[in-house]
Amino acid sequence: MQEAIGLLDILLLIMIRGLSTTLALTLISLLFGFLIGTGLALMRVYGPIELQWVSIGYEKIFRGIPLLVLLFIFGAALLGLFTWAGSLTNAVFVAAVFALALRSAAYQSELFRGSIMSIDPGQMMAAQSVGMNQYQATWHIILPQALRLSLPGWTNEYAVVIKDSSLASAIGVAELIYQAQAFTLDYPALFLGIILVIAIIYFAFTYPVTKYVGESMTTKLRELGLGGGK
Amino acid sequence: MMTKVIEVKDVWKAYDTLEVLKGISFDVFEGEVKVVFGPSGSGKSTLLRVINMLTPPDKGEVLLRGQSLMDPQADLTKLRAHIGFVFQNFNLFAHLKAIDNVSIGPHLVLGKTKEEAHDIAFKALEKVRMNDWGHHYPAQLSGGQQQRIGIARSLAMNPDVILFDEPTSALDPELIGEVLQVMLDIAKEGTTMIVVTHELGFARAVADEMIFMDHGVIVETGTPQHFFQNPKSERAIDFLHKLEVLYGQAETDIES
Amino acid sequence: MRPTSPNQLIGMLQINRIVEYLPDLWNGLSMTMGLYLFALFLGLGLGIVLAIGRHYGGPIVSRISTAYIEFMRGTPLLAQILAITTLPLALNLDTSWRIILQDIFGTPRITVDITILLCAITLGLNSGAYQAEYFRGSMASISGGQTLAAKSIGMTKRQEIRHIALPQSLRRAIPAWSNEAVYLPKYTTVAYFVGVPDLFSAAKLAAGRTFQSLTVYSLVAVIFLVLITAISWILSRIYNRVKIPGI
Ligand SMILES: Nc1ncnc2c1ncn2[C@@H]1O[C@H](COP(=O)(O)OP(=O)(O)O)[C@@H](O)[C@H]1O
Ligand SMILES: [Mg+2]
């Protein structure tokens, strides 16, 4: 009986401390990834050839390097860059955001570019036929449609980032798995149970989003005649 | 006394509340060519799919050479090999070259060796005049050529009867002739056929009996002469008139 | 310690010291490749089975396949590897099993123990779930008309799957499946967390020993970039060879 209560306490601690870190890491990284990724996509589609090459090179590099390597480049080799964050805890967190966001930007750029390219060229012609210039047509007609088309893909990217944020435990970010290891690594049976609970928590944060949000968005987009998703 | 190849006995079929077939019966004899026609949605495709049990009926029975296809003991897969089917959209196997589309049935289903199946396939391709095209993939062929491969695929199984579901209606007009010609050839060789088509010239040339369907029932049957000279029912007269407006009168035979 | 000239930068990176740890990285790379190939092919077999189960299976088989796929895709690979490699300890099983393999020079030095094996299996179990979805997508895209045609010439369901559906859907899946083949090498680095001596672990040791972490990790990044470019290139060659017009 006492042991059961102890286990619950530990779980609760892991939850409270770890889950908030995991969610903060995920959402901040996704946000910066979105800003950089959108910029890269626009450079790639509308930019001059030099910027297109920059964007292509960026995507290739950040999609090719394992996240763990990026985490150690920012969170170990270049940790000195983040001393402004104050404590070591904050510095590794910022480093993890850099690694996750820069990588996510590469994937989000590809996603957004795909959406832009899939907009019917007739939309551009129609916009110009009512007197918009190319810039207006892009800003008011093409990009809003492309953003909506990208929604299902973004739910996927969210799932990828939240799951992969677990790797940040390696550089000392105290997210869910780090907390679990800190408390229970020396008790294999306990550790196994807690890891399973944590896996279920991740599942609760990914599956409903990709399944229901992703699917309902896809259906809604179809209804709007924006044949998004597959 | 001619043998019955197919007997359709009081067949009913509904999709939910939509009654598509409402008591269809007819017999098909050895060597006979039956042409089924009627408005879109009248249940013609459903009837053909019921005959080879791609869609089992709700009620009624289909017999192949006296053997019921509804018999729970019957090996439907085996029996189906005796009934050829030619589809409106060809439905060729996209990953197989023309010759392999034709030989896969004899090899896998009839248990022929690869060489035997290849020979059978080659002969079938000759019949549809596609023997020079055996090494092309479906995507590399025109619609008319694809449909002829579809016919060869059925022929190679040496079936008791071949069902055609509007075999020319997905084709560009200039490609229809080559397919109809092949169908005429095999009809004249004595192949038993049930053909859903609105090509009245073809019907006039080879149909032993025409069946006019509307709203899931057989409204009128008769020889081509009967339908072209004095059809009885209002609906048949009306429909034939519409076809004539569309396609022109079926005065000229298309025999070579 | 801010670099002011290219020469100083090169001096700081100490590229000349790479030779010191290159052999270690090489050994790590062979472990990484071993994990990768094992997991890729285990995942391939499992993925095809799961996809067939989900697409063609009855209600029960299809639900089981779906549940497996969704759970594996919905949880972090790291959690899966930590859980499965802890199993023998948690269950008090014998963990002394190991085999020793020769490296390419014939020296016996590559040890495969229970953790490495479980790690490779988990990577395969995980990859299988992702691969299944690529195959299922391509299975769903085969036209229903071909299924009817296969039935109409008397093929059994099994023959139809084996001779009509699979040859087309497997070919069609290659471009999307290549994504998984390219993601997987990067995810093998998770093996580092359970102490498997892969390329990343070797790099981390070298970084600690030489205090040249930026150089070491950059070098590893370059190795992965080259590896992944090579894999994509090979796969596109394969696809072009088996490609059929119209599929
Ligand atoms: N699988 C199905 N599910 C529901 N309704 C169907 C199905 N197949 C056919 N129908 C309906 O049955 C009717 C007859 O269809 P069909 O046999 O294809 O007619 P025809 O070939 O004469 O044009 C149509 O109203 C069609 O919508
Ligand atoms: Mg029809």
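This briefing covers two chain contacts, one ligand site and the fold of chain C. The model is predicted. Chain C touches chain A through 33 of its own residues and chain B through 21. About 2900 Å² is buried between chain A and chain C, and about 1900 Å² between chain B and chain C. Ligand 1 is surrounded by residues of chain B, including B:Lys44 and B:Thr46.

**Chain C**

- Chain C has nine helices and two strands.
- Its order along the sequence is α-α-α-α-β-β-α-α-α-α-α.
- The C-alpha trace of chain C spans about 75 × 50 × 35 Å along its principal axes.

**Chain A against chain C**

- Chain A brings 34 residues to this contact, and chain C brings 33.
- Carbon and sulfur atoms make up 77% of the roughly 2900 Å² buried here, a figure of about 2900 Å² for chain A and chain C between them.
- On the chain A side, A:Phe72, A:Lys163 and A:Leu192 lose the most area to chain C. Together these residues give 17% of what that side buries.
- The salt-bridge count between chain A and chain C is zero.
- Six residue pairs are in polar contact between chain A and chain C, counting pairs with both residues at pLDDT 80 or more.
- Six helices of chain A each give two or more residues to the side that touches chain C: H2 (49-64), H3 (67-77), H4 (88-118), H6 (134-164), H7 (176-184) and H8 (188-223).
- H8(A) supplies the largest share of that side, with eleven residues.
- By class, the chain A side holds 24 nonpolar, five polar and five charged residues.

**Chain B against chain C**

- The contact draws on 23 residues of chain B and 21 residues of chain C.
- The buried area is about 1900 Å², with 71% from carbon and sulfur atoms.
- B:Phe93, B:His95 and B:Leu108 lose the most area to chain C within chain B. Together they account for 30% of what the chain B side buries.
- The rule finds zero salt bridges across the interface of chain B and chain C.
- Polar contacts link five residue pairs between chain B and chain C, with both residues at pLDDT 80 or more.
- Helix H2 (76-80), strand S6 (83-86) and helix H3 (98-108) of chain B each supply at least two residues to the side touching chain C.
- H3(B) gives the largest share of that side, three residues.
- The chain B side has 15 nonpolar, six polar and two charged residues.

**Ligand 1 in chain B**

- The shell around ligand 1 includes a run of chain B residues: B:Pro39, B:Ser40, B:Gly41, B:Ser42, B:Gly43, B:Lys44, B:Ser45 and B:Thr46.
- B:Tyr15, B:Leu18, B:Val20 and B:Arg49 also surround ligand 1.
- B:Thr46 has a polar side-chain atom 2.4 Å from an oxygen atom of ligand 1.
- For B:Ser45, a polar side-chain atom lies 2.6 Å from an oxygen atom of ligand 1.
- B:Ser42 contributes a polar backbone atom, 3.2 Å from a ligand 1 oxygen atom.
- Ligand 1 taken alone exposes 560 Å², and the protein buries 60% of that.
- Strand S2 (18-29) and helix H1 (44-51) of chain B are the elements that give two or more residues to the shell.
- H1(B) provides the largest share of the shell, four residues.
- The shell divides into four nonpolar, six polar and two charged residues.

Conventions
Residues numbered from 1 in each chain as written. Chains lettered and ligands numbered in written order. Predicted model: local features only at pLDDT ≥ 70, side-chain atom pairs only at ≥ 80, totals over all residues. Heavy atoms only, no water. Contact = heavy atoms within 4.5 Å. Buried area = accessible area lost by both parts, 1.4 Å probe. Salt bridge = Lys/Arg side-chain N within 4 Å of Asp/Glu carboxyl O. Polar contact = N/O pair within 3.5 Å; in protein donor to acceptor, adjacent residues only side chain to side chain. Nonpolar A, V, L, I, M, F, W, Y, C, P; charged D, E, K, R; others polar. Near = heavy atom within 4 Å. Areas by Shrake-Rupley, 256 points an atom, 1.4 Å probe, with all protein chains shown as cover.
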